[in-house]
Amino acid sequence: ANQTAELLDELLFQVNGLLRHPFGNFVLQAALEHGSPMHRTRLVRCIIEDADRLARHRISSNLVRKALRFSSSVDREMLAQTLAPDAQAMANLSRHKIG
């Protein structure tokens with residue numbers, strides 16, 4: 001468990017390069033699903049910084065979906081509010097071919 005936590009700490013320092021990476025994003029998805037609450041929160045906060053573009057990206061959109069599924073209720077609400085602050089934004093995202 002300690003080695004996993006250390007690995008996740010290291011990955012979070014390089015998270016921006018992994019968010020859209022074809023293979024790296026799978027590692028981040030696993031971190032969201034199996035990581036500690038602290039690691040999940042840190043990762044979701046990184047996703048929130050660029051949530052709109054990540055949600056519309058072919059690869060990282062899967063990570064955004066995983067974050068909505070496995071994050072805490074507080075983080076999920078923050079991410080959802082960032083993605084769709086109003087009905088128009090939600091409609092635009094839902095009509096996007098990937099979002």
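**Notebook: salt bridges and one buried serine**

I began with aspartate 75, which is buried, with a relative accessible area of 2%. The model I am reading is a predicted one, and I keep that in mind for each entry below.

Entry on aspartate 75. I looked for a charged partner and found that aspartate 75 forms a salt bridge with arginine 45, with 2.8 Å between the closest N and O atoms. This pair links distant parts of the chain, since aspartate 75 sits in helix H7 (residues 73-83) and arginine 45 in helix H4, 30 residues apart. I then checked arginine 45, which at 34% relative accessibility counts as partly exposed, whereas aspartate 75 is buried.

Entry on the network. I noted that Arg20, Asp50 and Arg53 are joined into one network by salt bridges that share partners.

Entry on aspartate 50. I looked up the pair of aspartate 50 and arginine 20, a salt bridge whose closest N and O atoms are 2.5 Å apart. Aspartate 50 lies in the loop between helix H4 (37-49) and helix H5 (51-55), and arginine 20 lies in the loop between helix H2 (15-18) and helix H3 (24-34), so the pair ties together parts that are 30 residues apart in sequence. For accessibility I wrote down 21% for aspartate 50, which counts as partly exposed, and 28% for arginine 20, which also counts as partly exposed.

Entry on glutamate 33. I found that glutamate 33 forms a salt bridge with lysine 66, the closest N and O atoms being 3.2 Å apart. Here too the pair links distant parts of the chain, with glutamate 33 in helix H3 and lysine 66 in helix H6 (residues 60-70), 33 residues apart. Glutamate 33 has 30% relative accessibility and counts as partly exposed, while lysine 66, at 18%, counts as buried; the cut-off that matters for lysine 66 is that buried means under 20%.

Entry on the count. How many salt bridges does the rule give? The count comes to six, and the pairs I described above are among them, including aspartate 50 with arginine 20.

Entry on serine 60. I turned last to serine 60, which has its place in helix H6 and counts as buried at 0% relative accessibility. Which backbone oxygen does the side chain of serine 60 reach? I found that the side chain reaches the backbone oxygen of leucine 54, at 2.8 Å. Leaving aside residues up to four places away in sequence, I listed Leu19, Arg20 and Leu54 as the residues that serine 60 touches. Arg20 therefore appears twice in my notes, as a contact of serine 60 and as the salt-bridge partner of aspartate 50.

Terms used: Residues are numbered from 1 along each chain as its sequence is written. This is a predicted model: local features need pLDDT of at least 70, side-chain atom pairs count only at pLDDT 80 or more; totals for chains, interfaces and linings use all residues. Side-chain values use heavy atoms; hydrogens and water are left out. A salt bridge is a side-chain nitrogen of Lys or Arg within 4 Å of a carboxyl oxygen of Asp or Glu. Helices (H or I, at least four residues) and strands (E, at least two) are DSSP runs, numbered from the N terminus. Buried means under 20% relative accessible area, exposed over 50%, partly exposed in between (1.4 Å probe, protein chains only). A polar contact is a pair of N or O atoms within 3.5 Å; within protein, one must be able to donate a hydrogen and the other to accept it, and residues adjacent in sequence count only if both atoms are side-chain atoms. Contact means heavy atoms within 4.5 Å.
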